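Please look through the structure below before reading on. The paragraphs after it start at one residue and then widen to the chain as a whole.

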Amino acid sequence: MTTATTPGQGPLTGVRVLELAGIGPGPFAAMLLADLGADVVRVDRPGGPGLAINPAYDVTNRNKRSVIVDLKAPDGAARVLDLAAHADILIEGYRPGVAERLGVGPDACHARNPRLVYGRMTGWGQDGPLAERAGHDIAYIALTGTLGMIGDPGAPPAVPANLLGDYAGGSLYLVVGVLAALHHARVTGAGQVVDAAIVDGTSHLAAMIHGMVAAGGWQDRRGANLLDGGCPYYGTYETADGRYMAVGALEPQFYDEFVRVLGIPEHADARKDWTRWGELREAVAARFRSRTRDEWTAAFDGTDACVAPVLSLAEAPHHPHLAARGTFTDHGGITQPAPAPRFSATPTAVRTGPARPGADTAEVARDWHVPDLTKDQSR
């Protein structure tokens, strides 16, 4: 398969990805591959994958094409295997053994396409005592120790939406894995299975912290460390209007600028004195409560104090820096994050809106040379 790229399409132009529809990290991983230019065909099941969201607003299905295959129909597995025969990467997020029972597991796919990279996305992984157990992001990250790191010491751990487990520990590791395996397949001609487990990826994200614990530089409890809110000059503070400012003035020169702009020069030497951190936190909190978020944003504008306003999802696209970079884009009436990262020679873009289930069957059958895909499965 050609590796040539088309300007405006992304560095993965020419790569074919088959996504077996699911929810959570699998679709997000496939979206990232699609954003990077891959031709992602999502195999939707009759009736949808299970989340009650209007397909027109499911941004994780942008830049993809969709076909509908009933894997429980007599010819369902054969249709998917026909597609897998022409794919470079396959992504599935079933519980261990389900793909095999449906007839589309790694062995069946590799019999048709030995070069295929078969990406498996789960929470617990393909083996281990919990492999067969149901779960969601919050349970996976709970066991890794990372959930327990987040939040105030006197309150339950804070829930980071599904960003830490599903997407950071899951999707991103799956994408890294399948792209690394694709490189290997193109060098050697041999495909392989990539077992991406959220428990593995999320644990891996905390590698630096584990090193700090071993060195005695991190206490294994919430709100007691430099980067978890324990430090008064690395955290968030409420403003007069009930909004928040974020502070990250870790280095000496940034801290000096921070206390100067905030107006608490008497605390300039409290940075390294842990015994004064309580009074420092109180002083910082009192100062931030004296003005609104926008007033403090203006005060810190142009400084290197490492202070920023905490914006809402609706506010973020309008921030001057993000607007200037085009971090967000509007497509089909939906404001959404633009593809990331950025490439100098093969720029990416939101090419199409969310794929509608089954809308691209004829086109995919033609482009992937799978004519049987268009036959009526109900017969």
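**A walk through the model**

A108 is partly exposed, with a relative accessible area of 28%. That value is over the 20% under which a residue counts as buried, and it does not reach the level over 50% that is called exposed, so A108 falls in between. The model in which this value was computed is a predicted one. A108 sits in helix 4, which covers residues 106–112. Apart from neighbours within four places in sequence, the residues in contact with A108 are L81 and G103. A further residue to look for is A78: 30 residues separate A78 from A108 in sequence, and their C-alpha atoms are 9.9 Å apart in space.

Next come the cysteines. C109 has a relative accessibility of 0% and therefore counts as buried, since the limit is under 20%. How many disulfides does the structure hold? The number is zero. C306 is accordingly in no disulfide, and the nearest cysteine sulfur to that of C306 belongs to C231, 12 Å away. A disulfide is counted when two cysteine sulfur atoms lie within 2.5 Å, so a separation of 12 Å does not qualify. C306 has a relative accessibility of 36% and so counts as partly exposed.

Another residue to find is D35, in helix 1, which runs over residues 25–35. Is D35 buried or exposed? With a relative accessible area of 2%, D35 is buried, because this value is under 20%. The side chain of D35 makes a polar contact of 2.8 Å with the side chain of N63. Leaving out residues up to four places away in sequence, D35 touches Q9, R62, N63, P339, T348, A349 and R351.

Now take the protein chain as a whole. It contains 13 helices and eleven strands. Its C-alpha trace spans about 80 × 45 × 40 Å along the principal axes. The chain has 379 residues, and 44% of them count as buried. Among contacts between residues at least 6 apart in sequence, 66% join residues at least 24 apart. The contacts of D35 with P339, T348, A349 and R351 can be looked up in the view as examples of residues that touch.

The surface and the charges complete the description. The accessible surface of the protein chain comes to about 18,700 Å², and carbon and sulfur atoms account for 57% of that area. Of the charged side chains, 34 are positive and 42 are negative. The centres of these two sets lie 4 Å apart.

Conventions:
Residues are numbered from 1 along each chain as its sequence is written. This is a predicted model: local features need pLDDT of at least 70, side-chain atom pairs count only at pLDDT 80 or more; totals for chains, interfaces and linings use all residues. Side-chain values use heavy atoms; hydrogens and water are left out. Helices (H or I, at least four residues) and strands (E, at least two) are DSSP runs, numbered from the N terminus. Buried means under 20% relative accessible area, exposed over 50%, partly exposed in between (1.4 Å probe, protein chains only). A polar contact is a pair of N or O atoms within 3.5 Å; within protein, one must be able to donate a hydrogen and the other to accept it, and residues adjacent in sequence count only if both atoms are side-chain atoms. Contact means heavy atoms within 4.5 Å. Accessible areas come from the Shrake-Rupley method with a 1.4 Å probe; for residues, only the protein chains shown count as cover. Lys and Arg count as positive and Asp and Glu as negative; His and the chain ends are not counted. The place of a charge is taken as NZ of Lys, CZ of Arg, CG of Asp or CD of Glu.
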